Every structure is written in structure tokens, then in C-alpha cells.
Amino acid sequence: MTNVLQNIGADASAQHGREEIVYTSNQLRDAVPTAMEIMSDAIVYARLHEWDLGSKRRLVEDDMEQFQQYPDLVLDELLHTTAYGNRGLGNSLACPEHNLKNITIEQVRQFMDDYFTGENMRVVGTNVEHDALVELTRELFQEVPKTSTTAARRQKSQYFGGSTQINDSSFIPGEQTVRSALAFEGFARTSSSYVSSLVLKHILGSAFRISPNGPKSTSGGDYGLLAREAMEISTELVGVQAFSHAYSDSGLFGVKLSGFEGEPIGAGLELAKKTLEKIAREGVSQSVLNFAQRRAALELAQATSSLTAEHEYILQFPEGDEMNDARRAFTVKSEDVQKVAYQLTQSKPTLVSHGKCGGVPYAL
């Protein structure tokens, strides 16, 4: 598909996330009908053969090898698997090597039959006449079944929480040797608390030390309440970052820490938990809230700063309105943040660590 699209001057790509597979093609407006026809033929009506898997297996093997070289990605996988188990959002983004060798073309076809259905698909276009796009979609995708003919249904994610540590000393000299994440069950993208949780994220903030033995300067980040205090713990604590992952039916909210020694990481985790509990009891000052509101509004406004980002946003959240969400950030009150913090701390925590974990607590 990619080669054929390139022949008409289109730039095509495919990527997958925890809840979606996205096929994208950028081309001149006159080439839209041809590009959509090629994509529909290749994606929806493809007749795959066993030999199609050979080269793709090698590509996935290469991806897996690169994946293991990025500790942050490994930590994020560990976080989701521990939080949700082995279903829904807990399914790994990376294919295990032992599974890769056993995948057959029949399984790929069955997956497409189960999930490439009308109720799961959305077509999004930019700088294209809407009526023309609708007509093309009806013409090219009319044979796509509305629902799956099998019992396959989207797995609803269930949050469990828990703790996992993976000890690994295979790090490049000079690189951070331990990473940890503390998370709680957060909020779905459609939740009324979603924007408030983003404000809370920026209240906690983020900070990154330029060098482990240098001054307490940062390169980027909010440097909020938690980040500011955490960076005072030790020069061996290199990074602190609050995060809020929002999905269609659940979310994860928490803090990631990285450094060279386990003890400062452990102290940072304890501080993160206490800071969140304090906000749940007392709320925050107006000056702190105002700063976090501005940061959250900027993050929401930048969510669709490119055509690709805008497409992905609409595909994932067709009823969403990112600019309205950005305005909503300025309406969040201290009591809203306090309520969100309280709800977070009522869920079972998820604590995961990767690297030289000596000194990092297994549970809080």
C-alpha cells in the first residue's frame, strides 16, 4: 500500500496505540479519491497470504530489539500490565518473541474480520469537502460489515493495581540506572474530572536535572510543587514527572522518577504519595492553581497543533472539543483539584520499577 501511494505523491504511514490502529495518507486534494481507494483495497479488502508475514516478522523483531533499548518504554509497558493485567489496556504494545513466531495468516485475517468493522472505524479528512468525503466513504467501504460476525468484542479495561520490579543492570555507562512509576486509577477522556486531573498534573509538575553532580537547574518541565521539593532530595535523583494517561474507559495518573540510586527514588515515591494526600486534604493556593491552569490549557490547545495530531484526536475522541477543554482548564477550582486528588488516593496504587532496584520499595 505504501509503495502504491508514494507513486501518486502521497505520504502514507500506519501506527498503533493501546486502543487504535491509525492509517494516514497525506496528499494533494485531487489525489484523495485515488488514495482512499488504495487504502480501502489494502486495509479492508486485503487478501493476505502466508508469505506476507515473513518480512513483517523481521520488522517486528527489529522493533522489539529497539524497544528493549528504551527503558522509559519498558517502564510504561510494565506500568500498564501491572495496573490492568493482561487484557484491555494491559495488553502489551510489543509482541513477545515467542508469540511472534506462532502468528499465522489465519489469525491476522480473523483479527481483521473481528475488529475492522463499521462500528469500530472512523474516516477523518482535513482540507477536504465534507460531502465528498462522506460519498467516497460510502462508496469505498460499503461492504464493510457493521459489526463482527463472531463473539469478538472490545475488551473493557479493569484496573487492579499492584507492584512489579524488574532488576536489570544492563545500562549504558552514564545513563540513569533506575526508573520507577507510582500510579493510581485515573479518569477516562470523557470524564468530567479529566481536565481537573490535567491541572493537578501540572500542580505536581516535572523537573529534569542537567547533570547528576551539577547545580539544581532544570531543562524543561513545570517545576511544580512535587518536582521542586523532590529535586532537593539528592543530586542522584535526575528526573521527576507527573503524568495523566486518559483513555476511552479508564486512565492512569501518577508520577515517574529516574536516577542513579534506588534510595533517592524511594524517597521521591514517598514524597509523591504524601504530596497527593496533602492536596486531597487541603487543596492548593490560588497562585499555584493559576500557574497549573495555564499549563494545562496550553497542553490541551497543543493537542491538535498538527494535522496528524488533529486526525488522531478526532479519531479517538469524536465528541471531544480540545479548545473548549482548554477554556475549561481556567474554570477548575481548588476544590475540584482536591476532589480529584482524593479520588485518586482511594484507588489501589500501582508501583513499578525497572533497573537497579536496590533501595526502591516494593510497595507504599
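**A buried helix and a charged patch**

Eleven of the 14 residues of helix H4 are buried, so this helix is largely enclosed by the rest of the structure. The model is a predicted one. Helix H4 covers residues 71-84. From its first C-alpha to its last it reaches 20 Å, close to the 20 Å expected at 1.5 Å a residue. Buried here means under 20% relative accessible area. The buried residues of H4 include the nonpolar Val74, Leu75, Leu78 and Leu79. Asp76, Glu77 and His80 are also among the buried residues of this helix, as are Pro71, Thr82, Ala83 and Tyr84.

Helix H3 spans residues 52-67, and Gly54 lies in it. With a relative accessible area of 26%, Gly54 is partly exposed, because that class runs between the 20% limit for buried and the 50% limit for exposed. Gly54 can also be placed relative to Lys101: the two are 47 residues apart in sequence, and their C-alpha atoms are 9.9 Å apart in space.

The surface offers a further feature. Glu37, Asp41, Glu135 and Glu139 form a negative patch there. Two helices, H2 (32-43) and H7 (130-140), each supply at least two residues of this patch. Glu139 is located in helix H7. Its relative accessible area is 49%, so Glu139 counts as partly exposed, since exposed requires over 50%. A residue needs over 30% relative accessible area and no salt bridge to be part of a patch, and the 49% of Glu139 is given above.

Methods: Residues are numbered from 1 along each chain as its sequence is written. This is a predicted model: local features need pLDDT of at least 70, side-chain atom pairs count only at pLDDT 80 or more; totals for chains, interfaces and linings use all residues. Side-chain values use heavy atoms; hydrogens and water are left out. Patches are made of residues with over 30% relative accessible area and no salt bridge: like charges are joined within 9 Å, nonpolar side chains (Val, Leu, Ile, Met, Phe, Trp, Tyr) within 5 Å. Accessible areas come from the Shrake-Rupley method with a 1.4 Å probe; for residues, only the protein chains shown count as cover. A salt bridge is a side-chain nitrogen of Lys or Arg within 4 Å of a carboxyl oxygen of Asp or Glu. Lys and Arg count as positive and Asp and Glu as negative; His and the chain ends are not counted. The place of a charge is taken as NZ of Lys, CZ of Arg, CG of Asp or CD of Glu. Helices (H or I, at least four residues) and strands (E, at least two) are DSSP runs, numbered from the N terminus. Buried means under 20% relative accessible area, exposed over 50%, partly exposed in between (1.4 Å probe, protein chains only). The expected span of a helix is 1.5 Å times one less than its number of residues.
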